[in-house]
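Hi everyone, thanks for making room for me today. I'd like to walk you through one structure, a few spots at a time, so have a look at it while I talk.

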Amino acid sequence: MKSGSNLEKVLSSGHFAVTAELGPPKSCDPEVVEKKAEILKGFADAVNITDNQTAIVRTSSIAAGVIVARKGLEPVVQMTCRDRNRIAIQSDLLGAAALGIKNLLCLTGDHQSFGNHPQARGVFDLDAIQLIDMVRRMRDEKKFQCGEEMSVEPRFFIGAAANPFADPFEFRVIRLAKKVTAGAEFIQTQLIYNVEKFARWMKMVREMGLHEKTYILAGVGPIKSAGAARYMKNKVAGMDVPGEIVERLQAASDPKAEGIKLCLDIIEQVRAIEGVAGIHIMAIEWESAVPEIAERAGLLPRPQID
């Protein structure tokens with residue numbers, strides 16, 4: 001046990017883990033974060049705090065993570081390479097650890113051209129794999145990336161993302177293996193709507209023995225409308241939304257209810273796949289759906305581990 005995090009305890013104890021996602025506001029209003037934390041508390045083992053997702057300026061993931069922790073919910077702070085060089089990243093890591101953050105998700109980050117400051121200069125001093133390796137060495141070797149030693153090391157449970165659906169498909173598991181070798185102890189995947197393709201990816205994961213070296217949390221999420229599904233299918237890179245999903249929501253008399261039912265169906269399917277250690281529920285700006293999903297999926301109560 002390296003971090004003492006609740007999420008690490010749940011996974012290492014063999015429980016099927018549940019994480020959710022919380023997006024900080026485009027302002028400095030702490031009540032937005034507090035209200036979302038109140039909704040999610042008790043329904044997930046930890047919640048991801050996004051780091052300026054889609055390159056849009058928001059309250060810092062570390063600051064929001066501290067607010068969430070004060071509300072009694074464990075944060076998974078996301079950190080991207082887009083906005084910081086290795087000096088700033090290591091400084092933020094030390095600060096996050098000093099403030100009690102125990103879980104870290106390492107990401108390269110969405111390109112700034114997608115956000116509200118497209119003219120901003122992207123840093124990308126490191127990529128996600130290099131970031132994972134740097135964090136692991138800080139923790140396990142008590143060394144900065146330059147090789148200098150530190151007196152007190154950050155004790156993070158280290159996570160990374162994986163997209164089983166991006167091209168080339170065969171390369172995705174190789175990239176996952178690189179992240180695991182670098183030190184990723186848990187993996188949260190892209191949203192899954194093509195379960196058959198995800199199952200094929202998991203078969204390759206098992207063939208490489210990666211499911212025994214890291215914990216795979218399958219990304220799931222409700223869709224509010226056929227229009228939203230169509231947008232993800234046609235406009236969001238790396239997403240795989242089969243046409244029948246769009247048609248199912250199009251035919252529904254209550255698309256939101258059908259979107260939740262779709263999420264429940266996918267949870268049932270991915271939970272049966274060997275090597276899946278949990279789910280990551282992504283309901284950005286629809287946090288109120290998470291309690292219903294967790295309850296109807298039979299994922300409550302969440303385990304309490306000392």
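I'll go through a strand, an arginine, the cysteines and then some backbone oddities.

One thing up front: this is a predicted model, so keep that in mind throughout.

Okay, let's start with strand S1, which covers residues 17-22. How many of its six residues are buried? Six of the six are, so S1 is largely enclosed by the rest of the structure. If you're new to strands, here's a handy bit of background: in a regular strand the side chains alternate between the two faces of the sheet. You can follow that here, with Ala17, Thr19 and Glu21 pointing one way from S1, while Val18, Ala20 and Leu22 point the other way. Whichever way they point, all of them are buried.

So who are the neighbours of S1? One partner is strand S8, residues 276-281, which pairs with S1 in the parallel sense over four bridges. To find that pairing on your screen, look for Ala17, which stands opposite Gly278 in S8. Another partner is strand S2, residues 46-49, and it also runs parallel to S1, joined by four bridges. There, Glu21 stands opposite Asn48 in S2. To get from S1 to S2, the chain passes through helix H2, residues 30-40, and this β-α-β crossover is right-handed.

Next up, the arginine I mentioned. Arg271 is found in helix H10, which spans residues 255-271. Is Arg271 buried, exposed or partly exposed? Its relative accessible area is 37%, so we call it partly exposed. Leaving out residues up to four places away in sequence, Arg271 touches Phe16, Ala297, Gly298 and Leu299. The contact with Phe16 is worth zooming in on: the charged end of Arg271 sits over the ring of Phe16, 4.6 Å from its centre. There's another arrangement like this elsewhere, where Arg200 lies over the face of Phe169, at 5.1 Å from the ring centre.

Now the cysteines. A quick reminder for anyone who needs it: a disulfide is a covalent bond between the sulfur atoms of two cysteines. How many disulfides does this structure hold? Zero. Take Cys106, for instance. Its closest cysteine sulfur is in Cys81, 7.6 Å away, and that's too far for a bond. Then there's Cys146, which is in no disulfide either, as the nearest cysteine sulfur, again that of Cys81, is 17 Å away. As for their surroundings, Cys106 is buried, at 0% relative accessible area, whereas Cys146 is exposed, at 58%.

Last part: the backbone. Which peptide bond leading into Pro168 is cis? That's the one from Asp167, with omega near -10 degrees. Pro168 is in the loop between strand S5 (157-162) and helix H6 (169-182). Further along, a cis peptide bond joins Leu300 and Pro301, with omega about -5 degrees. Pro301 lies in the segment after helix H11, residues 289-296.

And finally, go to the loop between S2 and helix H3 (61-70), where you'll find Asn52. Asn52 isn't a glycine, yet it has a positive phi of about 50 degrees. Ala55, in the loop between S2 and H3 as well, has a positive phi of about 60 degrees, and it isn't a glycine either. Asn52 counts as buried, at 17% relative accessibility, and so does Ala55, at 11%.

That's my tour, so over to you for questions.

Definitions and conventions. Residues are numbered from 1 along each chain as its sequence is written. This is a predicted model: local features need pLDDT of at least 70, side-chain atom pairs count only at pLDDT 80 or more; totals for chains, interfaces and linings use all residues. Side-chain values use heavy atoms; hydrogens and water are left out. Buried means under 20% relative accessible area, exposed over 50%, partly exposed in between (1.4 Å probe, protein chains only). Helices (H or I, at least four residues) and strands (E, at least two) are DSSP runs, numbered from the N terminus. Two strands pair if DSSP finds at least two bridges between them. A crossover is right-handed if, with the strands pointing away from the viewer, the path from the first strand over the helix to the second runs clockwise. Contact means heavy atoms within 4.5 Å. A charge sits over a ring if NZ of Lys or CZ of Arg is within 6 Å of the ring centre and within 35 degrees of the ring normal. A disulfide is a pair of cysteine sulfur atoms within 2.5 Å.
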